[in-house]
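The following exchange introduces a structure to a reader who meets it here for the opening time. Please keep the sequence and the model in view.

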Amino acid sequence: MKKRLHQLAALVFAGVILATGMPNVVQATTLPYTTYNYDYREDIVYTPAAYIPLDSVAGSSFTYEGESIGDFAAPQDLCKSPDGDIFVADTGNNRIVVLDSAMKTVKKIITGFDNNGTADTFNSPYGVAVSESNQLYIADSQNHRVVVLNEDGSLAKIVENPTAEVLEEGYVFTPLKVSVDYADRIYCIAQKMFEGIMVFEANGEFTGFFGTINVEITLWEKFWRKLATKEERSKSQLFIPTEFTGIDIDPDGFVYASNIDSSGVQGVRRLNPKGEDVIKKGVNENVGGDLQIDGTTDYAGPSQFTDVVYRHDGIYSCLDRRRGRIFTYDHEGNLLYIFGGLGTQKGTFTMPVAIEEVNNTIVVLDAATGEICSFEVTEYGRLINEAVALRFDGDEALAVALWQRVLELDENNELANTGIGKAYLTAGDYIEAMKYLEIGMARTYYSTAFKRYRNDVLTENASIMLTGVMAVIVVVIVVKKVRKKKKGGGIDE
C-alpha cells in the first residue's frame, strides 16, 4: 500500500510541474455563447470553454471539377467514414456531397446510381451513414427506401416496402435517419413510426422494432381521462411513444439514440443488443441537457436533442436544437461541458440538425444556413477528455495529474475532485479520498471511503480495544467476588 501511495504522490507532484509548464486555457472572453455546467445542487456554474469555434464552411465555398457546387439546400445529416471522409446529405439538392476530413476539398458528388440498367436518382435524401466496409447507406426519404451503395458507387441493395404483421396495413415507409452496425444490420428512424427504431438484417429483411420509448401516465391523468367527456379527451395530449431523432452506434454495438423528451430528463438512450436502455444518468439523474431552473430565461424549458454522436472512451455528445447547445457526457452520465448557441455569429447556429466528431474537432450541420461549423478543443477540454478516457480504462491514478490541472483552470469542477478522490480511494489513502470526494459531492464514493477508513481504524486498534474490554471484564469479576466475600463475611459475624 505504501508503494502505491508513493506512486500516487509522485503523480500529483508531476501534475503540479505539468501545470506550471503548460499554457493557460483559452479564455472564452469573446465567445458568442456562454460556457457553463451544473453543480451537485443543480446551480449554474460558469466554466472555461472546452471547445471554441474553428471554422464555418458553406457549399458555395467548394468547387468540384472546376465549378462551384453551389449552396447546400436544407441539408439534414452528415457522417464520417472509416477513412475520415465527411458525407453530407444535401437534401434539398437531392445529392450526397463527399468532403475530405479537413473540409477543404470535394472528393465526390453522388446524385444517383445504376439500378439494373436504369439511371436512378434520389428524392430528398434525409439521412446518411457509412459502414465499416465503406458501404454508403442513404435514407432516400421521398422515394421511401434505403439505398445501399458500394464504395465504387455501384448498387449493393435497396431496402423498401417492409412487410410484417406488426406494421399497419398500407404503411408507407419514409426513412429519416439511418445507421449500421458491425454486422451490417440497418437501424432506421422512420417518419411517424412511434413503435421504435426499425431494424433490418444485412439482407434487407425487416425484423422488428428496437428500443421503444414507453410513455408513463400519472394516476391523476388516468383518473381525469375516466371522468372527461369524449370531446375533452380528444383535445388532451395523446399518450403515444416518442419518436427518435438521431442515432449512432459505438464499436461494441450499443445504439445511442436521441429523442425529444418533454420532461427534460432523458433526451438520449443507450440501447443494448436486446433493445434495453442501459444508460447511466449521473449524480443529477439527468441526461436531458439543460436542467429546468425557475426564474431563468436562457435555460428555461427542456432541451430538444436532435442528434447524438458517440465519440470515444464512453464519451458522447448531444445536439440541442432548442438553444443550439452541445452537451457532452461520460459513460457514467456525468455532464462534462456545454458549448454552442443560437445566433448568426461564428460558432452559433440557426437550425442545427446533425453532429459528428472528425479529427478531434466537433462539426455541426446547420440546415437553415447550409453551413458546417467546426469547433476545436481547448486545453481545458482536452484535459477533461483525456482524464475521462483514463477513468474509462480504469486508470484512475494516471488521471490524477490531469485532474489537478483541470482544478487549476476551474477550481469548482466537481468531477475533477471526484476523480482525484477516487484515485486516492483506490490507492487506500482514505483520509485524502474523503477530502476530495466531499468537495466533489460524491456521496456514494465518500461513504465507501469512510467505511473503509473506519474498518482500518477498528482493525489497527482491535488488540488495544480487546485488551481494554478484557481488563474491564476482569475488573468487574474481581469487584463482584470482593463484594460477595464481604457480604458473606458480614453474615457470619
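The questions and answers below concern a sheet, a helix, a core and one residue.

Reader: On what basis are the residues numbered, and what kind of model is this?

Author: Residues are numbered from 1 along each chain as its sequence is written, and side-chain values use heavy atoms, with hydrogens and water left out. Local features need pLDDT of at least 70, side-chain atom pairs count only at pLDDT 80 or more, and totals for chains, interfaces and linings use all residues, since this is a predicted model.

Reader: Which strands are the edge strands of the open sheet with the order 20-21-22?

Author: Strands here are DSSP runs of E with at least two residues, and helices are runs of H or I with at least four, numbered from the N terminus. The sheet has three strands with antiparallel pairing, where two strands pair if DSSP finds at least two bridges between them. Pairing on one side only marks the edge strands, strand 20 (244–249) and strand 22 (268–271).

Reader: Which residue of strand 22 stands opposite Ala-257?

Author: Strand 21, residues 255–259, pairs with strand 22 in the antiparallel sense over four bridges. Opposite Ala-257 in strand 22 stands Arg-269.

Reader: Against which helices do the buried residues of helix 7 pack?

Author: Helix 7 covers residues 430–439, and its buried residues (under 20% relative accessible area, 1.4 Å probe, protein chains only) are Tyr-430, Ala-433, Met-434, Tyr-436 and Leu-437. An α-helix has 3.6 residues a turn, so residues three or four places apart point the same way. The partners of the buried residues are helix 5 (400–409), helix 6 (414–427) and helix 8 (443–460).

Reader: Which helix gives the most to the largest nonpolar core?

Author: A nonpolar core is a set of buried Ala, Val, Leu, Ile, Met, Phe, Trp, Tyr and Cys residues joined through side-chain atoms within 4.5 Å. The largest has 43 residues, and Ile-326, Phe-339, Ile-362, Val-364, Phe-375 and Trp-403 touch the most other members. With six residues, the helix that gives the most to this core is helix 4 (residues 379–392).

Reader: Is Leu-402 buried or exposed?

Author: Leu-402 lies in helix 5. Leaving out residues up to four places away in sequence, Leu-402 has contacts (heavy atoms within 4.5 Å) with Leu-383, Glu-386, Ala-387 and Leu-390. Because its relative accessibility is 11%, Leu-402 counts as buried.

Reader: How far apart in space are Leu-402 and Ile-420?

Author: In sequence, Leu-402 and Ile-420 are 18 residues apart. From C-alpha to C-alpha, their separation in space is 9.4 Å.

Note on methods
Buried means under 20% relative accessible area, exposed over 50%, partly exposed in between (1.4 Å probe, protein chains only).
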